[in-house]
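Okay, thanks for coming, everyone. I'll put the model up and then walk you through the parts I'd like you to look at.

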Amino acid sequence: MATIRVWDPFVRAFHWSLALSFAVAWLSGEGPERLHELAGYAAGALVIARVAWGFVGTGYARFSQFVRSPAAVVGYLKSVAAGSERRFVGHNPAGGAMIVALLTSLAATAATGWMLTTDAFWGSILLQRAHSVLAHGVLLLALAHLCGVALASLRHRENLVRAMVIGDKRAPEPGDVA
């Protein structure tokens, strides 16, 4: 089976590092404050780096390759519901929308967490609640992301977790979107 490199080393390292940073931040939310802050700062820095890479990175990492219109995302989700979705070599429209949602939510979570360490917002109950709601939202988005990965892996007979580890995916076939 022919394969091509889709996920570059930066994207793969970012993906797994962000998952680890968020997990540590989540698990230390009620625990060691310094660990929670460091994990949050790491997640925030990773998000900034990924946004930059989305403009200057390799082909499949660029936002221009996978960010689609809301109508395209809805159309894709309808084709998924009908069992007729096409295979995308890079991110499918729903996956692209998920990346945007995760990056935005993670950036907002990191920003509100940082704000809580400043004199201006120290002890703000409203901001603490916003930070908590955002963090829970990221967790729900991550769960939806995992479900989407599992569904796409099954439907297209392609191990997407493996692809995010090694970087390679099955080469485009007739009917696939490259």
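At what angle do helix α4 and helix α5 pack, and how far apart are their axes? Helix α4, residues 70-82, packs on helix α5, residues 93-115, at about 125 degrees, and the axes are 8 Å apart. That makes α4 oblique to α5. For the record, axes are lines fitted to C-alpha atoms, for helices over the stretch in contact, with angles running from 0 to 180 degrees between N-to-C directions. Under 35 degrees counts as roughly parallel, over 145 as roughly antiparallel, 65 to 115 as roughly perpendicular, and the rest as oblique. On the α4 side, the contact is made by A72, V73, Y76 and L77, and on the α5 side by P93, A94 and A97. Contact here means heavy atoms within 4.5 Å.

A word on where this comes from. It's a predicted model, so local features need pLDDT of at least 70 and side-chain atom pairs count only at pLDDT 80 or more, while totals for chains, interfaces and linings use all residues. Residues are numbered from 1 along each chain as its sequence is written, and side-chain values use heavy atoms, with hydrogens and water left out.

Stepping back, the chain has seven helices and two strands, and from the N terminus the order is β-α-α-α-α-α-α-α-β. Those are DSSP runs numbered from the N terminus: helices are H or I with at least four residues, strands are E with at least two. The C-alpha trace spans about 60 × 30 × 25 Å along its principal axes. Of the 178 residues, 37% count as buried; that's under 20% relative accessible area, with exposed being over 50% and partly exposed in between, using a 1.4 Å probe and protein chains only.

Now, my favourite bit: the salt bridges. We count a side-chain nitrogen of Lys or Arg within 4 Å of a carboxyl oxygen of Asp or Glu, and there are seven. Which residues are joined with R87 into one network? Let's build up to that. R87 and E158 meet at 2.7 Å, N to O. That pair links distant parts of the chain, with R87 in the loop between α4 and α5, E158 in the loop between α6 and α7, and the two positions 71 residues apart. D176 also bridges to R87, at 2.6 Å. This pair is 89 residues apart, and D176 sits in the segment after β2. R87 is buried at 4% relative accessible area, and D176 is buried at 16%. Put together, bridges with shared partners join R87, E158, K169 and D176 into one network.

For a local example, R34 bridges to E37 at 3.2 Å. They're three residues apart in helix α2, so about one helical turn separates them. R34 counts as exposed because its relative accessibility is 52%.

Next, the ends of the chain. I4, in strand β1, has its C-alpha 8.4 Å from that of G167, although they're 163 residues apart along the chain. Beyond its neighbours within four places in sequence, I4 touches several residues, including Y60, V89, K169 and P172. I4 counts as partly exposed, at 26% relative accessibility.

Last thing: W16, in helix α1, is partly exposed at 38%. W16 also makes a nonpolar surface patch of about 330 Å² together with V161, V165 and I166. Helix α7 gives the most to that patch, with three residues. Patches take residues with over 30% relative accessible area and no salt bridge, joining like charges within 9 Å and nonpolar side chains (Val, Leu, Ile, Met, Phe, Trp, Tyr) within 5 Å. Accessible areas come from the Shrake-Rupley method with a 1.4 Å probe, and for residues only the protein chains shown count as cover.
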